[in-house]
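Ready for a little practice in reading a protein fold? Take a look at the sequence and the model, then work through the exercises at your own pace.

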Amino acid sequence: MRLALDFDTVKDMWLLETIGINSDKEVSMSDKEILKSFEQNTTYTNKRYETRLLWKEDSKELNSNYEIAKRRLFSLNKTLEKNEELKYDDIIREHLRDGIVERVEMNLDQNINTGYFLPHHAAVREQKDSTKVRIVFDASSKGKGALSLNDCLESGPNLNSDLLKIILRFRLHKIAFCADIQRAFLEVGIAKEDREFLKFLWTKKEGPNLDLSAHNIETLRCKRVTFGVKCSPFLLAAIRRLHVEKYEKE
């Protein structure tokens with residue numbers, strides 16, 4: 001009996017047989033353009049890499065989602081009142097101290113119809129010995145009929161190493177090393193012209209509780225790569241690769 005195999009089936013079988021030794025997959029032209037744009041928009045100053053967000057070519061103006069962000073902050077505040085162990089305010093203060101976020105002077109009563117605000121919440125990871133609580137931003141937030149920040153951004157190509165190849169490389173030497181970069185995302189800076197889209201609301205600690213008036217709310221802005229933004233995983237991986245290539249011979 002003769003078995004008929006189409007081209008794709010044979011190709012898949014061949015790739016299965018050559019796992020770990022076949023050449024890397026061809027990079028598409030669109031991905032090449034994204035990588036080229038990334039390299040052009042990345043600088044190294046004051047011992048830190050700084051880059052831009054990956055904007056789509058046809059990205060449109062973002063409408064204000066201030067009211068959404070304010071209601072989400074009100075909901076977050078009620079959650080924090082019930083669970084003081086999250087230490088959310090301590091994280092915000094630490095980020096301000098370390099230059100990860102910065103305060104923005106703006107009159108919210110007059111400017112609520114302009115600009116984009118990132119709602120945020122706490123992601124709790126009980127299994128972690130450190131950094132149990134992480135602030136995650138919702139860059140997919142948008143009003144009815146409007147675009148979100150993530151709608152206007154590219155995700156970028158996947159630059160993470162193939163997991164199988166990593167496992168196979170453990171067979172090459174007697175000793176293997178692994179390492180973790182502390183606050184890796186937060187070590188990469190975002191260019192000033194894109195920080196305007198990374199604003200978020202927080203509670204002034206002058207009053208006892210948060211109310212829905214603007215007088216008890218202040219505006220902060222992220223200066224580093226942000227959890228929850230569509231292109232953030234690519235930006236971290238691309239910076240890491242750029243850094244390794246830069247010092248490869250050293």
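Below are five exercises, each followed by a worked solution.

This is a predicted model, in which local features need pLDDT of at least 70, side-chain atom pairs count only at pLDDT 80 or more, and totals for chains, interfaces and linings use all residues. Residues are numbered from 1 along each chain as its sequence is written, and side-chain values use heavy atoms, with hydrogens and water left out.

**Exercise 1. Describe the protein chain as a whole.**

Step 1: Start with secondary structure. The protein chain has 8 helices and 8 strands; helices (H or I, at least four residues) and strands (E, at least two) are DSSP runs, numbered from the N terminus.

Step 2: Turn to burial. Of the 250 residues in the protein chain, 35% are buried. Buried means under 20% relative accessible area, exposed over 50%, and partly exposed in between, with a 1.4 Å probe and protein chains only.

Step 3: Check the contacts (heavy atoms within 4.5 Å). Among those between residues at least 6 apart in sequence, 74% join residues at least 24 apart.

**Exercise 2. Work out the sheet that contains β8, and find its edges.**

Step 1: Read off the order. Three strands form an open sheet, β3-β8-β7, with antiparallel pairing; two strands pair if DSSP finds at least two bridges between them.

Step 2: Find the edges. β3 (101-104) and β7 (199-203) each have a single partner strand, so one side of each is left without a neighbour in the sheet.

Step 3: Look at the twist. On average, neighbouring strands of this sheet are turned by 40° against each other, direction ignored.

Step 4: Zoom in on one pair. β7 and β8 (residues 217-222) run antiparallel and are joined by 5 bridges. Trp 202 has Glu 218 in β8 as its bridge partner.

**Exercise 3. Place the helices that pack against this sheet.**

Step 1: Begin with α3 (residues 66-82). This helix lies across β7 and β8, running at about 40° to β7. Axes are lines fitted to C-alpha atoms, for helices over the stretch in contact, and angles run from 0 to 180 degrees between N-to-C directions.

Step 2: Add α4 (residues 88-97). Helix α4 touches β3, β7 and β8, and its direction makes about 90° with that of β3.

**Exercise 4. Is Arg 195 buried or exposed, and what does Arg 195 touch?**

Step 1: Locate the residue. Arg 195 lies in helix α7 (residues 192-195).

Step 2: Check the accessibility. Arg 195 counts as buried because its relative accessibility is 8%.

Step 3: List the neighbours. Not counting residues up to four places away in sequence, Arg 195 touches Glu 50, Glu 102, Ile 190, Arg 221, Cys 222 and Lys 223.

Step 4: Look for a backbone partner. A polar atom of the Arg 195 side chain lies 2.8 Å from the backbone oxygen of Ile 190.

**Exercise 5. Compare two residues with positive phi, then two cysteines.**

Step 1: Take Asn 46, in the loop between β1 (43-45) and β2 (48-51). Asn 46 is not a glycine, yet has a positive phi of about 50°. Asn 46 is exposed, with a relative accessible area of 75%.

Step 2: Take Arg 183, in the loop between α6 (163-169) and β6 (189-190). Phi of Arg 183 is positive too, near 50°, and at 30% relative accessibility Arg 183 counts as partly exposed.

Step 3: Finish with the cysteines. Cys 152 is buried at 1% relative accessible area, whereas Cys 178 is exposed at 76%. The structure holds 0 disulfides, a disulfide being a pair of cysteine sulfur atoms within 2.5 Å.

Technical notes:
Polar contact = N/O pair within 3.5 Å; in protein donor to acceptor, adjacent residues only side chain to side chain.
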